Amino acid sequence: MDENMKLLQQSLIELETEAEHLLLAKHQLVENDKERNGNREALTALRKRARTTKTSVPSPFESVMKDIGNPESRPLVKEVCATCGNHDSNERTWMMFPGTDVFAKIPFHAAHTILETDKTKLDLEAQKLQSYVKEKSFLISEKGVLADKISPAVLRSLVALKDKPWMDL
């Protein structure tokens, strides 16, 4: 085989491998988003059950300041969970653990704490996957594959964009 044909074949193999990695990352990103949506729905259901919102529960400082005027002997610092609020945190609630088909009846506070830690892990994983997809898209673009549809300069500027929450705009 001609040397140029071998180089072309090798570059096509590398490009196809990168494209497969990109497609796998996009698929994983979709699966991650499905899991994040389920997690968000579960947290919302727990908040509705406790009749709280993210901002309806007073901060510990507000609780302390409200209780200072009372002459009763109560501890000055009163821990208030933002999700539980005044809801009984020891009340048992059913929860299905992620990745399993096992239901367990666990305390309300433990259930939402598990969901909130899962939420932070899923958000971090989603950010990593988004960065990986950007990196792979840029790499494929640099090889000239997308040059006929999107110029490399435009794609480079899109990949270099920083994601900001819509509230900051």
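R36 sits partly exposed in this predicted model, because its relative accessibility is 29%, and that falls between the 20% limit for buried and the 50% limit for exposed. Follow its side chain and you come to D33, which forms a salt bridge with R36, with the closest N and O atoms 3.2 Å apart. These two are neighbours along one helix: both belong to helix 1, which covers residues 3-50, and they are three residues apart, or about one turn of the helix. D33 also counts as partly exposed, since its relative accessibility is 31%.

R36 has another partner too. Its side chain meets that of D123 in a salt bridge, at 3.1 Å from N to O. This time the pair ties together distant parts of the chain, with R36 in helix 1 and D123 in helix 3 (residues 108-142), 87 residues apart. D123 is partly exposed as well, because its relative accessibility comes to 25%.

Now look for E116 and R47. They form a salt bridge, with the closest N and O atoms 4.0 Å apart. Here again distant parts of the chain are linked: E116 is in helix 3 and R47 in helix 1, with their positions 69 residues apart in the count. The two ends of this bridge differ in how they are covered. E116 is partly exposed at a relative accessible area of 27%, whereas R47 counts as buried, because its 15% relative accessibility is under the 20% limit. Some bridges also share partners, and in that way D33, R36, K119 and D123 are joined into one network. Altogether, the count comes to seven salt bridges. As a bit of background, side chains of opposite charge can pair when their charged atoms come close.

So how do helix 1 and helix 3 lie against each other? They pack at an angle of about 155°, and their axes are 8 Å apart. That makes them roughly antiparallel, because the angle is over 145 degrees. Their crossing is left-handed. As for what the contact between helix 1 and helix 3 is made of, its residues divide into 19 nonpolar, seven polar and twelve charged.

Helix 1 also overlaps with something from a database record. An unreviewed UniProt entry lists residues 5-32 as a "coiled-coil region". In the model, that stretch is 100% helix and 0% strand, and the C-alpha atoms at its ends are 40 Å apart.

Away from the helices, try finding T93. It lies in strand 1, which spans residues 92-96. Is T93 buried or exposed? It is buried, because its relative accessible area is 6%, under the 20% limit. T93 and P107 are 14 residues apart in sequence, while their C-alpha atoms are 6.0 Å apart in space.

Finally, step back and take in the whole chain. Its secondary structure comes to four helices and two strands. Starting at the N terminus, the elements run α-α-β-β-α-α. Of the 169 residues in the chain, 22% are buried, and R47 and T93 both count as buried.

Key. Residues are numbered from 1 along each chain as its sequence is written. This is a predicted model: local features need pLDDT of at least 70, side-chain atom pairs count only at pLDDT 80 or more; totals for chains, interfaces and linings use all residues. Side-chain values use heavy atoms; hydrogens and water are left out. UniProt positions are given in the numbering used here, feature names are shortened, and annotations may be inferred rather than shown by experiment. Buried means under 20% relative accessible area, exposed over 50%, partly exposed in between (1.4 Å probe, protein chains only). Axes are lines fitted to C-alpha atoms, for helices over the stretch in contact, and angles run from 0 to 180 degrees between N-to-C directions. Angles under 35 degrees count as roughly parallel, over 145 as roughly antiparallel, 65 to 115 as roughly perpendicular and the rest as oblique. A crossing is left-handed if the near helix is turned anticlockwise from the far one by less than a right angle, and right-handed if clockwise. Ala, Val, Leu, Ile, Met, Phe, Trp, Tyr, Cys and Pro count as nonpolar, Asp, Glu, Lys and Arg as charged, and the others, Gly among them, as polar.
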